[in-house]
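Dear colleague,

I am passing on the structure below, together with some notes for someone who has not looked at it before. Please read the notes with the structure open beside them.

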Amino acid sequence: MAKVVCVLYDDPVDGYPTKYARDGLPKLDRYPGGQTLPTPKAIDFEPGVLLGSASGELGLRKFLESAGHSLVVTSDKDGPDSIFERELVDAEIVISQPFWPAYLTEERIAKASRLKLAITAGIGSDHVDLQAAMDRGITVAEVTYCNSISVSEHVVMMILGLVRNYIPSYQWVVKGGWNIADCVARSYDIEGMQIGTVGAGRIGSAVLRRLKPFDVKLHYTDRHRLPEAVEKELGVTFHQDPASMVGVCDVVTINAPLHPETENLFDETMIARMKRGAYLVNTARGKICNRDAIARALESGQLAGYAGDVWFPQPAPKDHPWRSMPHHGMTPHISGSSLSAQARYAAGTREILECWFEGRPIREEYLIVDGGKLAGAGAHSYSAGDATRGSEEAARFKARSDSR
């Protein structure tokens with residue numbers, strides 16, 4: 001029987017919810033393009049409840065324990081004395097979310113002699129050292145498409161929030177003011193703007209589709225060009241690389257996976273290529289943007305605003321400059337963990353586990369690493385290598401929290 005270690009974010013500060021703002025979720029049958037939603041044999045949860053925090057357990061405990069497996073759930077993931085590090089030693093399966101990633105570094109993988117499967121409950125498996133997983137023959141899988149639309153909605157919200165100066169305007173209301181001039185002095189319309197996406201996969205394409213009705217000019221760059229019919233339908237212009245696209249854009253949104261080719265892509269040089277006063281939205285991965293270059297660009301005015309919900313490491317230390325830089329619209333990593341998305345990625349996680357235990361193939365689109373090489377979605381989206389370096393900095397957030 002297998003030992004499963006599941007790392008999930010903490011429960012709400014006021015405790016696990018006993019009621020919710022809405023009753024249930026809309027029913028979906030397929031994703032755009034036709035891919036079916038997760039198809040486990042059963043689920044042991046009510047869609048619309050909080051599954052992604054520690055008490056939610058992704059709805060997996062009854063399923064696993066009834067089959068004789070053991071489940072350890074923890075939010076304590078960082079540092080050598082963490083529960084995750086202790087429990088990893090004899091774990092066969094590790095489940096983690098991108099929002100509160102259990103970083104599977106080369107060093108941790110070396111200690112986990114029994115580890116065979118790493119599941120991302122969500123999308124984006126860069127918190128796993130994919131090269132080390134390939135070298136060790138560990139299978140890496142994620143629930144492809146489960147929260148792509150969730151993230152694309154968040155991107156559009158953040159673009160509008162930055163350009164319309166929403167957050168500072170809201171804060172004037174909270175402070176009891178009616179400071180219209182202060183609010184509108186940085187407020188613009190997106191109508192007529194040039195907006196480009198770095199990455200036009202499931203999320204990037206969904207962003208383009210949602211932006212088209214705003215009467216903007218759309219651009220994209222991706223190592224896989226969209227079909228000509230899709231380009232015509234969206235009225236979108238293709239660019240060979242980010243460097244050739246960013247200079248024409250008023251808004252750039254990053255929707256690409258993190259791997260060695262995209263790490264630190266938006267550095268001082270790339271940001272300098274952008275229009276003065278452009279906006280940058282990053283819901284992909286924090287490491288795609290250079291931390292200090294972003295802060296400096298906001299302070300100098302090269303960027304008019306930066307928003308996103310991805311940081312590196314996660315959780316970000318309390319002194320991370322993105323918490324205090326001007327003109328930002330940052331959130332914790334929440335874009336893909338709405339209650340709607342949680343129901344899908346919890347069901348997808350169970351589907352992957354059912355396939356694993358029954359010896360059935362895991363869906364090709366869920367695979368990132370298999371048989372010692374990139375596979376499925378991984379072969380399409382990633383390059384070999386390691387993007388986990390520096391993740392030990394997340395322990396500083398824990399240390400500060402524990403000292404309070």
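**Salt bridges, cores and surface**

Glu358 is partly exposed, as its relative accessible area is 39%, where buried means under 20% relative accessible area, exposed means over 50% and partly exposed lies in between, with a 1.4 Å probe and protein chains only. The side chain of Glu358 meets that of Arg360 in a salt bridge at 2.7 Å, N to O, a salt bridge being a side-chain nitrogen of Lys or Arg within 4 Å of a carboxyl oxygen of Asp or Glu. Arg360 counts as partly exposed because its relative accessibility is 36%.

Before going further, please note that this is a predicted model, in which local features need pLDDT of at least 70 and side-chain atom pairs count only at pLDDT 80 or more, while totals for chains, interfaces and linings use all residues. Residues are numbered from 1 along each chain as its sequence is written, and side-chain values use heavy atoms, with hydrogens and water left out.

The structure holds 27 salt bridges. In one of them, Arg108 pairs with Glu85, with the closest N and O atoms 2.7 Å apart. Arg108 belongs to helix α3 (residues 106–111) and Glu85 to helix α2 (residues 83–88), so this pair ties together parts that are 23 residues apart in sequence; helices here are DSSP runs of H or I with at least four residues, and strands are runs of E with at least two, numbered from the N terminus. Arg108 counts as buried at 8% relative accessibility, and Glu85 counts as buried at 13%. Elsewhere, Glu263, Lys287, Asp386 and Arg389 are linked in a network of salt bridges.

Turning to the interior, the largest nonpolar core has 64 residues, and those with the most contacts inside it are Leu58, Ile95 and Leu104; such a core is a set of buried Ala, Val, Leu, Ile, Met, Phe, Trp, Tyr and Cys residues joined through side-chain atoms within 4.5 Å. Helix α13 (residues 339–358) gives the most to this core, contributing seven residues. Apart from this core lies another, of 31 residues, including Leu258 and Trp311.

Finally, according to an unreviewed UniProt entry, the annotation "domain: D-isomer specific 2-hydroxyacid dehydrogenase NAD-binding" covers residues 156–335, and such annotations, given in the numbering used here with shortened feature names, may be inferred rather than shown by experiment. The span of residues 156–335 is 33% helix and 18% strand, and its end C-alpha atoms lie 11 Å apart.

With best regards
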